[in-house]
Amino acid sequence: VAPNRWCVTRQDLIEFRCLVKKHVAEGRIAPTELDPFDPNDADVGPCVHTITKQLIVPVTEKAGNTSWALMLHPDGLECDLFVTHCWLEGIYEFIDKVLNSWPRGARHAYCCMLSNPQNLDIGDLLSIPRESPFALALMSARYMLVVPNRKCSIYSRIWCTYEAFIAYSESKFIFVARPPLKGALRRVSLLLALSFAAAIGSGAVCAHDDRKLGQWSLMIAASALCCIILESCLRPCRASQVVAHVAVVFSGIYAGYTCHELYIALSTMANYGLHGNIALEFLGDVVWAPALCVSSAMAEADRMWGRQSVEKGCNLRREFSGDLRDAKSSVESDREHILCELESFGHQHRVNLAIEVLLTSGMSTPTLQAAAENVGLLEQAGYWNLSITSMIWVSWVSKALVSILYVIETYSVQLAQHEESSKWEKVLVNSLCLCLPLDVVAEKCNEDPGCLVGGRCTIGHARLDMHDLEVPLRSSYCDPIEPPLEPFADWHFWVFAFSCLQALVWLGRFRRQGKDKRGFA
């Protein structure tokens, strides 16, 4: 079986983690002097060296000295993902990071501790680095996943730097693995609850006297927006957390005021039987209120992800000098072979650049590589901002939905005007053309039969004064109105419906995007 087929699946890693945990609980994997791990720790666990010596080697020896991957899949699996690490991380930490960062579209992964036969001497296969199992598997993979650890930079190891060079030269998508973000959902939920509480308080104030907030509503919305943008620009710290909380409160106040005004408008129309375009009147408020509330809560998740990315960068730079000649290897001959190959082709500078792009940008893609060569390194270019993305997307969908509602409301208003236009008659009052109900016109015409002129009823000031009217004056649709088009027959409706569909498709594509989310956004 070719080395590029020595792969395991995502489910294999999940089952391997459970097996390790079981062996640790039974005492079959025990702490050593070099690895005094805590058996009760479920987050880090024993290091890869310990797992290889106490679990992988004994089990695969009984299976014929094959690798763990070929023991599970004798015919091999095509390589989609190459995992690079330096064996000093805990096994739980390692598997959790890989599973959490597993790219969409990748099915099988090459992981050296599971893929290589640990009972055999493969030194001859490593004498030519370009033809080693690592290089062959990496060249056939679509993605490379870098797994940092807390003890040292993986790029202080010569094989990891060589793998980074191959991935860079082959234009692979390189990602840095990160652990699951614990507590993010709980914190975002708490901030949404805080925003809801601020909205209730704002609505209560408006119910008493809406003029207190009415004149400040736009200023409050602008302040919330500025806080969200400011938080996205700040590095994760206590100040950015305070800014995020202020944005949540301002967003809730603005949402409460918007809901109060919308309720007043709807109740007034219902009580008096009026027709109007509520969507047009409150279009901006209805669009921005939910967008600000959602994005301000997501800003806290951005802050936590930012803090995590800073920690990843520190782990990758720890003990890394920036020069591959300082990298070490457990086998000195491997180091000499790699340095000899790179020096013969003059690739040392490209290797250092590949690693620096990854450390600075957080990921490496063909686009980022081209940008680095042309304009320099782009800091944190591999990370995308959830709060800004969610605010723009919610605004996009809200605008489309409210516009659809506007088309429907316009149809209902025009339909009401068409139905009522036959019940009104044009009259002349004080030289003003007004519309009055037919029964009022008929009553006045009976009192003065000569008021009909040219088929229209003209009632002068002596017979009918505007102040005598006890019915509402309608001056907007005196003449008969053509029946309106139904919403489905209005092309505007389909334009906005397509916009909603486009936003939903974009969200699905973005969620399933396994390569460069920031570039796609």
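In which sense do strand β2 and strand β3 pair, and over how many bridges? I began my reading of this predicted model with that question. Strand β2 (residues 81-84) and strand β3 (residues 108-111) pair in the parallel sense over three bridges. I took helices (H or I, at least four residues) and strands (E, at least two) as DSSP runs, numbered from the N terminus, and two strands as paired if DSSP finds at least two bridges between them.

Before going on, I noted that residues are numbered from 1 along each chain as its sequence is written. Local features need pLDDT of at least 70, side-chain atom pairs count only at pLDDT 80 or more, totals for chains, interfaces and linings use all residues, and side-chain values use heavy atoms, with hydrogens and water left out.

**Sheet.** I found six strands in an open sheet of mixed pairing, in the order β1-β3-β2-β4-β5-β6. Its edge strands, each paired on one side only, are β1 (8-9) and β6 (363-364). I also looked up V83, whose bridge partner in β3 is C111.

**Aromatic pairs.** I searched the whole structure and found nine aromatic pairs. Rings of Phe, Tyr and Trp (its six-membered ring) pair if their centres lie within 6.5 Å; planes under 30 degrees apart count as stacked, over 60 as edge-to-face and the rest as tilted. One of the pairs is F134 with W159, tilted, at 5.0 Å centre to centre and 40 degrees between the planes. This pair links helix α6 (residues 133-140), which holds F134, to helix α7, which holds W159, 25 residues apart. F134 counts as buried (under 20% relative accessible area; exposed is over 50%, partly exposed in between; 1.4 Å probe, protein chains only), at 10% relative accessibility. W159 is buried too, at 13%. I then saw both residues in one aromatic cluster with F82, Y110, Y162 and F165.

**Helix α11.** Is F250 buried or partly exposed? F250, in helix α11 (residues 238-272), counts as partly exposed because its relative accessibility is 27%. Leaving out residues up to four places away in sequence, F250 touches I220, S223 and A224, where contact means heavy atoms within 4.5 Å. I also noted that F250 and S296, 46 residues apart in sequence, are 9.2 Å apart in space, C-alpha to C-alpha.

**Lining.** I last consulted the lining of the second largest pocket, to which β2, α7 (158-169) and α14 (332-345) each give two or more residues.
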